[in-house]
Amino acid sequence: MSDKKSLAEEYGIKIGKQLEHEDPIMLIEDQQDLRLIVAHHLGKLGFSTIKQFANGHEALHFMKDNPDLVFPVTICDKEMPVLGGYDFLTEIKENPAFSRGSFTIELVNPDKEDIMLATENGVDEILVKPFTLKDLVPKVRNAYKKFYNPNNPEQVYELAKAELRAGNLDKSENIFIRLAQSAKGAARPVVGLARIASEKKDTEKALKLLAEAEKRNKFYVLAYVERGRIFTKENKIEEAIDQFKHAIELSPLNPLRYEEAAELLFKKQRYQEAATLLTMALDKNLSFPSLHNYLSQAFYSLKDYKKAIRHIKSALSVEPENITFLNQLGICYKESDQFDEAQKTYNAVIKLDPTNKAALYNKSVMLSAKGQHDEAIKLMKRCIEKHPDFEAAKRKLQEIEARSQDKAAS
């Protein structure tokens with residue numbers, strides 16, 4: 001009997017022995033009928049927690065909002081709008097914010113190249129479409145067995161990410177160093193080390209590590225993303241934009257690349273640069289739920305109200321009762337002197353939310369600007385009644401009342 005330790009034993013990793021019915025399953029499939037059938041079948045077989053998503057983008061946002069929920073099993077289609085299977089898998093593998101489990105991908109009649117690509121991407125098992133339901137659980141169990149293998153290096157990467165999430169930077173660094181030494185050509189562990197150096201505020205070291213990662217693999221997208229993050233923190237915006245653009249060129253259909261770049265640029269109030277990057281997504285016919293919201297915010301901040309209105313309307317076509325979008329639309333109409341449209345929009349908000357502070361306040365201001373002071377005063381008083389700590393409303397009420405008195409006096 002060999003005394004050689006497994007990777008799990010060497011790193012002190014606890015490995016699940018088998019898939020349990022209580023283990024949560026993530027099911028990502030854009031064909032609703034197939035998704036519902038698979039979920040129903042898994043439920044009949046005793047699996048109690050099955051989370052369904054129409055694409056990888058939806059799934060990632062759910063994971064971001066529920067960081068404590070770990071999925072030992074993911075079943076994911078390869079081809080989906082917004083974010084496909086391989087891009088989704090890359091994100092959960094590489095991003096320290098996410099924990100991953102076994103991954104089964106659905107492929108349509110794969111050839112040898114498809115199978116090789118799946119293996120290269122870290123897929124644990126393949127479900128060939130069209131598949132029968134009797135194939136489903138054996139494939140899923142086999143994927144679980146492969147991933148939760150004591151000698152699977154992915155378990156070590158997950159440990160390194162977990163230590164990084166927990167703030168145990170030295171522990172995470174030691175693991176990534178060993179991974180980088182054992183995989184001489186891999187950029188992934190070197191980017192992990194760069195993230196840790198950045199967390200330790202050692203920007204010079206982080207950038208050197210990212211240069212090494214790029215040398216190992218010039219197509220490794222997250223090296224450029226990480227460099228873009230660092231340059232943004234350093235307020236080197238032009239350099240950051242170059243890195244984000246490079247990442248987008250390498251992964252042009254991944255909405256996360258655009259979203260993160262926009263968020264970082266918004267924090268720096270670089271709205272024109274954000275709009276330019278986001279427009280690249282439109283040029284590639286890419287559409288995702290937050291795209292028009294981001295663009296509307298950018299153009300609103302740039303006071304390009306016509307473009308902002310167009311993008312807010314597109315966002316509202318997906319979420320017609322989104323009060324934030326409606327309030328923003330009302331402001332854009334008001335600033336464009338389209339008072340009737342603004343009033344209709346504020347009325348729609350107030351109908352949805354009768355105590356909405358922004359709508360009550362902005363409609364009152366607009367009515368006052370139109371000379372309808374009595375209505376404006378009545379509405380502002382209602383706003384203050386509902387929001388007694390709203391000091392700006394109290395000051396604005398005094399202004400409107402003064403205007404009303406001046407008008408009456410004249």
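Select strand S3, residues 73–77, in this predicted model. The strand is mostly covered, with five of its five residues buried. Display the side chains next and inspect each face in turn. On one side lie Val-73, Ile-75 and Asp-77, and on the other Thr-74 and Cys-76; every one of these residues is buried, and both faces of S3 are thus covered.

Keep S3 in view and add strand S1, residues 25–28. S1 and S3 run in the parallel sense and are joined by four bridges. To locate the pairing, select Leu-27, whose bridge partner in S3 is Ile-75. Ile-75 is also one of the buried residues of S3.

Now add strand S4, residues 102–108. Its pairing with S3 is parallel and comprises five bridges. Here the residue to select is Asp-77, which has Glu-106 of S4 as its bridge partner.

The connection from S3 to S4 deserves the next selection. Add helix H4, residues 85–94, to the two strands. Together, S3, H4 and S4 form a β-α-β unit of right-handed sense.

Finally, return to the whole protein. The model contains 21 helices and five strands, and its C-alpha atoms fill a box of roughly 100 × 55 × 40 Å along the principal axes. Of its 410 residues, 49% count as buried. Among contacts between residues at least 6 apart in sequence, 58% join residues at least 24 apart.

With the surface displayed, the protein exposes about 21000 Å², of which carbon and sulfur atoms supply 49%. Colouring by charge brings up 62 positive and 62 negative charges, whose mean positions are 2 Å apart.

Key. Residues numbered from 1 in each chain as written. Predicted model: local features only at pLDDT ≥ 70, side-chain atom pairs only at ≥ 80, totals over all residues. Heavy atoms only, no water. Buried < 20%, exposed > 50% of the residue type's maximum accessible area, 1.4 Å probe, protein only. Pairing = 2+ DSSP bridges. Right-handed = clockwise from strand over helix to strand, strands pointing away. Contact = heavy atoms within 4.5 Å. Areas by Shrake-Rupley, 256 points an atom, 1.4 Å probe, with all protein chains shown as cover. Lys, Arg positive; Asp, Glu negative; His and termini not counted. Charge placed at Lys NZ, Arg CZ, Asp CG, Glu CD.
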